[in-house]
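User: Please examine the following model and answer some questions on its metal site and fold.

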Amino acid sequence: MPSGLVDFHCHLDLYPDHVAAIKQCEADGVFTLAVTTTPKAWARNHELAAPTRHVRAALGLHPQLVGDRAHEIALWEELLPHTRYVGEVGLDAGPRFYQSFEKQKAVFARVLALCAEAGDKILTVHSVRATKIVLDMIEQHMPPEQGRVVLHWFTGTPSEAKRAVDLGCYFSINAEMLIGEKRRALVENLPRERLLTETDGPFTRTGGRPARPSDVLLVVDELARMHGFALREAEAMILGNLKTLLSSG
Ligand code: MN
């Protein structure tokens, strides 16, 4: 198993055995950002991740949960000083969640403003059917020198991708984003120095089962082919990008 892979967006606490999922990241040497969907889940994630070499926990309030849990922004705010990593946060304008979209915008504006005020936070951001407004809000609330945004599972247009690059955003690429000509072309045109990898496990599948962090190897392999790199070079590029991201700010 190669070591030094990066899974910058994975829901480790949603696997059947959370502790075992973390141990596997350590055993495989996969640098994994364990995102949370509610701030109530952060303490346990942080407790388990903090002593590890490869896993860190991010403080989230998922846009798909904001309809019922907008009040949890208070707990999110209380915990923010204790972590550099924030997510999963963002906006979801898909049909199932559109009803809460105004609430989502209020929560996300608060998240961005507080992160910018605190400085040096790194956010993993969801933007389903809401790329333009997510970018508008990043532009309004989060200047690049006050924090870093990683767009998770980006599905915007080429011009939105360019705008995101200009706003200082990174992109975490998963296997689903490499299926089909149009999606691949979009990924291929992103600046290499802004690329990270992710699984969004357990919500994506590899070989008929929920993806695990080490499955990002498949994404790295695809990125290597896309750019004419050896696998090792592509691995080193992604790890280098992670190091640059973590040392910025
Ligand atoms: Mn996710």
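User: Which protein donors bind the manganese ion?

Analyst: This is a predicted model, in which local features need pLDDT of at least 70, side-chain atom pairs count only at pLDDT 80 or more, and totals for chains, interfaces and linings use all residues. Residues are numbered from 1 along each chain as its sequence is written, and side-chain values use heavy atoms, with hydrogens and water left out. Donors are N, O and S atoms within 2.8 Å of the metal (3.2 Å for Na, K and Ca); water is not among the atoms, so sites may look incomplete. At 2.2 to 2.3 Å from the manganese ion lie His 9 (NE2), His 11 (NE2), Glu 88 (OE) and Asp 200 (OD).

User: How many residues apart are His 11 and Asp 200?

Analyst: Helices (H or I, at least four residues) and strands (E, at least two) are DSSP runs, numbered from the N terminus. His 11 belongs to the loop between strand E1 (5–10) and helix H1 (18–28), and Asp 200 to the loop between strand E8 (195–197) and strand E9 (205–206). The pair thus links distant parts of the chain, 189 residues apart.

User: Is Asp 200 buried or exposed?

Analyst: Buried means under 20% relative accessible area, exposed over 50%, and partly exposed in between (1.4 Å probe, protein chains only). Asp 200 has a positive phi near 55° although the residue is other than glycine. Its relative accessible area is 6%, so Asp 200 is buried.

User: Which residue does a cis peptide bond join to Gly 87?

Analyst: Omega of this cis bond is about 15°. The partner is placed in strand E4. The residue joined to Gly 87 is Glu 88.

User: Why is strand E4 largely enclosed by the rest of the structure?

Analyst: Strand E4 spans residues 85–92. The strand is largely enclosed because, of its 8 residues, the number buried is 8.

User: What is the handedness of the crossover from E4 to E5?

Analyst: Two strands pair if DSSP finds at least two bridges between them; E4 and strand E5 (residues 121–128) run parallel and are joined by 6 bridges. The chain passes from E4 through helix H5 (residues 101–118) to E5 in a β-α-β crossover. A crossover is right-handed if, with the strands pointing away from the viewer, the path from the first strand over the helix to the second runs clockwise. This crossover is right-handed.

User: What percentage of the 249 residues of the protein chain counts as buried?

Analyst: The protein chain has 10 helices and 10 strands. Of its 249 residues, the buried share is 56%.
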